[in-house]
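Reader: I would like a close look at a single part of this model, worked through step by step and followed outward to whatever adjoins it. Could you take one strand as the starting point and build the picture from there?

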Amino acid sequence: MSNERMRGRDVLPIPDRPHVGLTTYDAKDPDTKFPPIKEVRPQAGAPNVLVVLIDDVGFGASSTFGGPCNTPTAEKLAGTGLKYTRFHTTALCSPTRKALLTGRNHHSVGMGGITEIATSAPGYNSVLPNSKAPLATTLKLNGYSTAQFGKCHEVPVWQTSPMGPFDEWPSGGAGFEYFYGFIGGEDNQWEPALYEGTNPIEPPKTAEEGYHLTDDMTDKAVAWIQQQKALMPDKPFFVYWAPGATHAPHHVSKEWADKYKGKFAHGWDKQREITFKKQKDLGVIGQDAELTSRHDVIPAWDEMDPELKPVLEREMEVYAGFLEHTDYNVGRLVDTLEQLEILDNTLIFYIIGDNGASAEGTLQGAFNEMANFNGLGALETPEFMVSKIDDLGGPESYNHFAVGWAWAMDTPYKWTKQVASHWGGTRNATIMHWPKGIKSKGGIRHQFSHCIDVAPTVLEAAGLPEPTFVNGVQQSPMEGTSMLYSFDDAKAPERHDLQYFEMFCNRGIYHKGWSAVTKHRTPWVMTGQELPAFDDDVWELYDGNKDWSQANDLSKEMPEKLHELQRLWLIEATKYNVLPLDDRQSERFIPEIAGRPTLIKGNSQLFFPGMGRLSESSVVSIKNKSWSVTAELVASDGDTSGVIIAQGGRFGGWSLYAKDGKAKFVYNVLGINEYRTEATKPLTAGKHQVRMEFTYDGGGLGKGGDVTLYYDGKKVGEGRVEETQGYVFSADETTDIGYESGTPVSKDYSVETSKFNGKLDWVQIDLGEDDHGHMVDPDHVIHIAMSRQ
């Protein structure tokens with residue numbers, strides 16, 4: 001690309017150049033001349049770009065890097081591309097994704113944690129500064145077609161409602177012209193909450209009919225690529241394919257899981273040894289690397305209850321099948337590129353994990369991972385887990401594997417996802433493939449790299465400069481380093497030689513081979529964890545030039561070197577908005593304390609029939625407090641039935657509904673216990689006000705309460721809820737009015753029979769006293785609702 005053209009791409013959109021010259025009066029005048037309209041395109045030969053980002057996979061999981069999960073597509077691409085053995089992420093999903101898509105450190109773009117715990121601090125507010133335009137925007141404004149498929153966990157939670165704003169949605173303001181996927185941290189692979197663009201849609205078929213989200217999003221991606229090349233063959237594309245797999249819930253069909261039947265009976269300790277040997281044979285770790293030891297807080301396989309071991313084995317079989325199924329779908333994308341004869345000039349990043357393997361599934365694993373997130377893991381007893389073994393991975397489960405398996409999938413490193421201090425949380429197997437641009441085939445690259453390097457690499461490969469202005473706003477420089485220098489030079493000195501890490505106050509610094517790290521928090525302890533003061537955290541020191549896996553702590557032998565790196569961490573942390581460190585736990589889930597906006601202001605929320613797919617952050621929180629729900633409706637002449645309002649689904653939530661003519665209320669705790677209250681008499685035909693009041697016991701989070709049902713102000717039923725979910729109902733199920741989407745809250749009805757058969761005028765939730773001492777009038781009904789009586 002010429003220097004003149006390069007300069008012209010520094011400002012985006014590319015400024016229009018008005019016609020200067022003779023303007024004739026009559027277009028038929030022979031002197032009438034205007035330059036032809038030129039469509040924006042990158043330089044000739046600019047590659048298509050496919051970024052594949054798998055979710056929650058450790059370095060030691062895929063067979064391509066020595067692990068037990070077969071990944072033939074990754075092996076195929078590595079055989080004609082390059083393996084990167086020291087590629088790093090941030091240790092958590094939202095931060096890694098925002099960093100990858102912008103080329104800046106995660107705190108620089110406000111994503112110091114997941115969106116659900118955003119605070120008002122600049123490094124943690126989940127809001128993208130307009131001075132840091134996404135890569136997709138830059139490519140689109142330079143003539144690329146852009147599309148995203150799968151997971152988007154970067155939208156601020158107060159912007160996830162059907163009313164937006166959509167500035168940070170993929171196809172809203174994030175630079176993608178097309179989006180098909182879900183908004184949030186995870187989704188039910190069998191019955192997902194899907195969006196096409198910004199419009200909520202339902203899956204095209206059911207799990208019983210063979211539906212699976214990864215298959216579906218691959219179908220959409222294949223169709224989009226085919227259409228793009230059919231209609232715009234001269235225009236390159238940027239496709240970001242980021243499945244919910246292999247994040248929990250680990251959902252995959254029995255045929256995929258059964259491929260691994262009996263292959264994990266040796267347990268996680270032995271699995272690490274097996275993987276470690278294969279990694280050395282493959283050359284993806286140093287030949288002098290040591291297998292790091294198991295930390296005392298992770299139980300040995302031999303210490304596990306023998307009766308539970310078949311369940312533990314099945315958890316890993318399901319996970320392995322899930323990862324292989326995901327890789328199979330990556331293969332479908334690669335096959336499409338081959339069939340269209342564009343594989344040679346497509347730059348593929350196959351990043352196997354946005355962080356290390358997840359240890360959020362407790363020491364024994366989980367049938368419903370939401371149990372641990374609500375501090376109710378004890379409900380899933382060993383006996384309960386054994387009873388559910390055949391359901392793991394299927395539509396009736398919302399499962400996760402045990403901590404020991406996560407640790408094994410991070411071989412040879414210490415720790416797991418969330419632990420940004422150690423390579424087990426941040427080092428992810430990565431493959432680069434671009435036949436036209438990479439001469440080396442089947443090579444291995446050991447240069448240090450990071451997810452913020454992806455965007456600069458793409459721009460250099462496309463011959464495009466970093467923009468200095470986007471949409472009139474001056475841009476801050478990208479903070480990553482292009483990896484192009486390493487494509488054809490395995491011995492090239494690494495250019496990314498300084499990188500800080502921080503996640504949940506687990507922190508570290510890498511500089512020229514050395515790393516200083518400190519673990520502050522254990523990832524699978526969700527509530528009540530006693531944390532040390534930051535100054536009391538114990539730091540470790542490793543010489544990566546001699547110690548590949550952070551096995552030998554040199555902090556006591558070399559205190560001055562440790563202090564040097566600690567100071568360097570503080571300098572980088574200050575530079576990139578890491579400070580102040582924030583290890584608050586439950587407080588960050590409360591918007592008023594954390595300092596982030598809420599969509600709904602006040603203590604009441606009004607709904608109208610047909611509203612639905614409202615995320616948990618789009619609805620007033622009824623957790624840990626007294627509350628009521630009131631509905632004005634017209635009962636049908638026959639038996640009134642259907643959902644009035646429902647929040648959550650099969651794996652936790654509540655619903656006010658009618659069946660056999662009677663109003664009913666159900667509170668579903670994690671899909672384990674359903675507490676139902678039923679009216680003593682049916683609704684008569686005509687207009688009524690149906691009300692449910694919940695009186696919270698108080699005394700802490702997740703306590704029980706009393707339920708009272710009313711028709712037109714008269715008590716018609718009483719019941720009891722013995723416990724509640726104090727933190728979250730679901731990561732993917734929503735609130736619906738007059739029907740229910742996703743999975744049903746109660747076994748008393750189905751989604752297909754959930755549509756209310758009477759006339760629903762309005763529904764309102766009113767909050768009472770919560771467990772923080774805030775008082776709300778439980779009889780308050782806002783004027784707009786009352787005016788509709």
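Author: Strand β11, which covers residues 429-433, is mostly covered, with five of its five residues buried. This is a predicted model, and the values that follow are computed from it. Within β11, Ala 429, Ile 431 and His 433 point one way, while Thr 430 and Met 432 point the other way, and all of them are buried. That arrangement can be set beside a general rule: in a regular strand the side chains alternate between the two faces of the sheet.

β11 has pairing partners, which can be taken in turn. Strand β3 (residues 82-84) is joined to β11 by three bridges, and the two run antiparallel; in this pairing, Leu 82 stands opposite Met 432. Strand β10 (residues 346-352) is joined to β11 by five bridges, again in antiparallel fashion, and here Ile 351 stands opposite Thr 430.

Met 432 leads onward from the strand, as it is one of the residues touched by Met 483. Met 483 is found in the loop between β15 (473-474) and β16, and it counts as buried because its relative accessible area is 2%, where buried means under 20%. Leaving aside residues up to four places away in sequence, the contacts of Met 483 are Tyr 84, Phe 87, Met 432, Ser 449, Asp 453 and Thr 457. Phe 448 lies 35 residues from Met 483 along the chain, and the C-alpha atoms of the two are separated by 9.6 Å.

Met 483 also belongs to the lining of a cavity, the second largest in the structure, together with residues including Tyr 84, Phe 448, Ser 449, Asp 453 and His 496. The volume of this cavity is about 50 Å³, and by class its lining has four nonpolar, six polar and one charged residues. The structure holds five cavities of 30 Å³ or more, and the largest has a volume of about 70 Å³. The lining of that largest cavity has two nonpolar, three polar and six charged residues, Arg 613 being one of the residues that line it. Arg 613 is found in the loop between β20 (604-607) and β21 (625-635), and its phi is near 55°, a positive value in a residue other than glycine. For context, most residues other than glycine have a negative phi. Arg 613 is nevertheless buried, with a relative accessible area of 5%.

Returning to the loop that holds Met 483, the strand that ends this loop is β16, and β16 belongs to an open sheet of four strands in the order β16-β17-β18-β19, paired antiparallel. In this sheet β16 (498-503) and β19 (540-543) stand at the edges, each with a single partner strand, so that one side of each is left without a neighbour in the sheet. From one strand to the next, the twist averages 10°. Strand β18 (residues 514-518) is joined to β19 by four bridges, with Ser 515 standing opposite Tyr 542 in β19. Helix α14 (residues 559-575) packs on the sheet and touches β16, β17 (506-511), β18 and β19, its direction making about 105° with that of β17. Beyond that helix, the loop between α14 and α15 (591-594) is the place of Pro 580, which is joined to Leu 579 by a cis peptide bond with omega of about 5°.

Methods
Residues numbered from 1 in each chain as written. Predicted model: local features only at pLDDT ≥ 70, side-chain atom pairs only at ≥ 80, totals over all residues. Heavy atoms only, no water. Pairing = 2+ DSSP bridges. Axes fitted to C-alpha atoms, helices over the stretch in contact; angles between N-to-C directions. Contact = heavy atoms within 4.5 Å. 1 Å grid on protein atoms, 1.4 Å probe; cavity = no way out; pocket = protein on both sides within 12 Å on 5 of 7 lines; lining within 4 Å. Points joined across faces, edges and corners; volume = space filled by probe spheres on them. Nonpolar A, V, L, I, M, F, W, Y, C, P; charged D, E, K, R; others polar. Buried < 20%, exposed > 50% of the residue type's maximum accessible area, 1.4 Å probe, protein only.
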